[in-house]
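Trainee: Pick one part of this model and take me through it closely. I want the residues, their surroundings and the packing around them.

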Amino acid sequence: MTSSAILQYPIKPVDQLPIDVNLAEALLVSVAEYGGQLHGRRIWLACSGGRDSLALAALCVQLYRQGKLPFLPQLLHVNHGLQADSHYWAAHVASWAHIQQLPCQVLMAKVDGHDEQAARLARYHVMRAHINQDDVLLLGHHADDQAETVLMRLIQGAGVNGLSGMQAWREQSQSAQRNILWRPWLSVRRSTISHYAQQLELPYIDDPTNDSGDNVRSGLRLEVLPALTAYNSSAITNIARSAQLLADAQAIVSDQAVQDLQQTAIVPLNYPPAQHVLNIDKLHSLPIYRQRQLIHTWLTQDEPLPPSKQLVDDVLSLTERNDHNHQTQLDWHGRTQKYSIRRYRQQLYRLSSTWLAWLALPCITHTQMLPCSNLAQQPTMMLTLRTGKGIDWQLEITLNTLIQFINDTFSGSDKLNHDKEGMVLKCTPLGRQQRVQTTLATRPQASKKLYQTLGVPVWLRDSLVVISIASAQKEEALPLLLVSPFESWVLGTDKSLANAINDSGFLASAIKNILSI
Ligand SMILES: Nc1ncnc2c1ncn2[C@@H]1O[C@H](COP(=O)(O)OP(=O)(O)OP(=O)(O)O)[C@@H](O)[C@H]1O
């Protein structure tokens, strides 16, 4: 039924009408399967007013009133405002729910575009914003929808994950919001739902755009699936079952990939999610099919959509290059961000565009008097070395440890005009030509030689800061430490002193790198 005619149609309470046993069984089996996770959660039902979601709502009312269902979902109808009649539909869903004594809310969506995908995105966006953390959203998808989805993905060349179709229970997170999509009817045929809807004389809305045949999905629905069903009358149920089997296979593949990732990823405590790193030697120790899967998983850890097979192959080729030309970089436009995939030595990096933009910001210079008295009142000092784009790089300085270190190391030393009352801590970005002596080299080094000795990749070379101390009266400072956002190296022209500092770890415990996002 379309347009305003729907408002004239009589709405009957469904609780006294007959129940369809197959539909009830599918729903109750799913309730039993996810019972543990359902416990204590609020349950909503996304109701378009179409046959499937209205039938699901009717069945929930019937089973709940008979005491067979432990919850009564609240209806959520989204008005996309895309068609002239959409406000009639919203009013109709609300009246139907009112007569069933079912709570119902109508939400307005702001659709960015005119296609089904834009409407779907807008719909999930408003529903997610309306419901609470960990709430469950029931959807009326069925086996015919599943078969369409699988065929659609098949002709797009999907892998196991894509071919496993829609999941019956899917946790989805966006920013801090997490909720669950629940599709209890994925094994149920559309014809079974139609039959039930007719029996109940459900006043459902026929969206005229559903079968307009103007996109691939409706072409599959109207032409391809009937043709397949002519060869095998169970084709749709069988495709939906294959999807379920592939979902199990995908779970095994994911578990393996997560294990491989744990073995292969380099994750020092303070690595930000903006920079993912893989150890290429460990990657290459795996069989090639696991390498491919691992790269796929590594690339998409925080992205909703998978990378192309071509990108995974290109990344693999990058790891296999032996020509020492590691300048190649691959770009990937993820759904949430752009990324650059790069190699440095035997490490593979996935750098987000936010991270690269942050690395291009200047480092902040500091000249800070060290408070030699009243330490108990100010035990630590934070110095921000770079900030912006939501990322902060700070040094946390434990003052009494640092001052004890200076006293122990430099009093009586001619390296520094040690002035107990007036010491200054300086943080200065390392100049490209500035020479510094690390414990890894026999003489001071600058630029490329230094970066190679330290193993600093190209994109981190403007993120090196020299930490030095000086007496307040004297201009000349004594370099102690070179820091990058992830590492630090002891500096010193006196090699034995530098080695001693290096070994004691004293300085590292006094001056800590903190990266927060
Ligand atoms: N406007 C809407 N408001 C709330 N939920 C919706 C809306 N449109 C779709 N949904 C939910 O998404 C599911 C799948 O969407 P789809 O576009 O296949 O539905 P439909 O064919 O328009 O309606 P139905 O599945 O109810 O017959 C629906 O079963 C329903 O649960």
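**From the domains to the annotated site**

Mentor: The centres of domain 1 and domain 2, taken over C-alpha atoms, are separated by 37 Å. This is a predicted model. The chain divides into domain 1 (5–248), domain 2 (265–357) and domain 3 (361–516).

Start with the annotation. An unreviewed UniProt entry places a "binding site" feature at Ser 48, Gly 49, Gly 50, Arg 51, Asp 52 and Ser 53. Take two of these residues in turn, Gly 49 and Arg 51.

Gly 49 sits in the loop that runs between β1 (43–46) and α4 (51–65). Its relative accessibility is 0%, so Gly 49 counts as buried, the cut-off being under 20%. What does Gly 49 contact, leaving aside neighbours within four places in sequence? The partners are Leu 54, His 77, Val 93, Tyr 204 and Ile 205.

Arg 51 belongs to helix α4. With neighbours within four places set aside, Arg 51 contacts Arg 190, Ile 193, Ser 194, Ala 197, Tyr 204 and Ile 205. Tyr 204 and Ile 205 appear in the contacts of Gly 49 as well as those of Arg 51.

Follow Arg 190 next. This residue lies in helix α9, residues 190–199. Its relative accessibility is 18%, under the 20% limit, so Arg 190 counts as buried. Not counting residues up to four places away in sequence, Arg 190 touches Arg 51, His 142, Asp 144, Asp 145, Glu 148 and Arg 221.

Those partners lead on to another pair of helices. Asp 144, Asp 145 and Glu 148 are among the α7 residues that meet α10, and Arg 221 is among the α10 residues they meet. Here are the terms for such a pair. Two packed helices are described by the angle between their axes and by the distance between those axes. For α7 (residues 143–155) and α10 (residues 216–231), the angle is about 105° and the axes are 10 Å apart. That angle falls in the 65 to 115 degree range, so α7 and α10 are roughly perpendicular to each other. The contact is mixed in character: its residues divide into nine nonpolar, one polar and five charged. On the α7 side, the residues also include Ala 147, Thr 149, Leu 151, Met 152 and Ile 155. On the α10 side, Val 216, Arg 217, Leu 220, Val 224, Leu 225 and Leu 228 take part too.

Now return to α4, the helix that holds Arg 51. Helix α2 (residues 21–33) packs against α4 at an angle of about 80°, with the axes 11 Å apart. So α2 and α4 are roughly perpendicular to each other as well. Leu 23, Ala 24, Leu 27 and Leu 28 supply the α2 side; Leu 56, Leu 59, Cys 60 and Leu 63 supply the α4 side. This contact has eight nonpolar residues, no polar and no charged.

One backbone detail to finish. Most residues other than glycine have a negative phi. Gln 101 is not a glycine, yet its phi is positive, about 55°. Gln 101 is in the loop between α5 (86–99) and β3 (104–108). Its relative accessible area is 60%, over 50%, so Gln 101 is exposed. Lys 389 also has a positive phi, near 55°. Its place is the loop between β12 (380–388) and β13 (391–398).

Conventions: Residues are numbered from 1 along each chain as its sequence is written. This is a predicted model: local features need pLDDT of at least 70, side-chain atom pairs count only at pLDDT 80 or more; totals for chains, interfaces and linings use all residues. Side-chain values use heavy atoms; hydrogens and water are left out. UniProt positions are given in the numbering used here, feature names are shortened, and annotations may be inferred rather than shown by experiment. Helices (H or I, at least four residues) and strands (E, at least two) are DSSP runs, numbered from the N terminus. Buried means under 20% relative accessible area, exposed over 50%, partly exposed in between (1.4 Å probe, protein chains only). Contact means heavy atoms within 4.5 Å. Axes are lines fitted to C-alpha atoms, for helices over the stretch in contact, and angles run from 0 to 180 degrees between N-to-C directions. Angles under 35 degrees count as roughly parallel, over 145 as roughly antiparallel, 65 to 115 as roughly perpendicular and the rest as oblique. Ala, Val, Leu, Ile, Met, Phe, Trp, Tyr, Cys and Pro count as nonpolar, Asp, Glu, Lys and Arg as charged, and the others, Gly among them, as polar. Domain bounds come from an automatic or database domain assignment.
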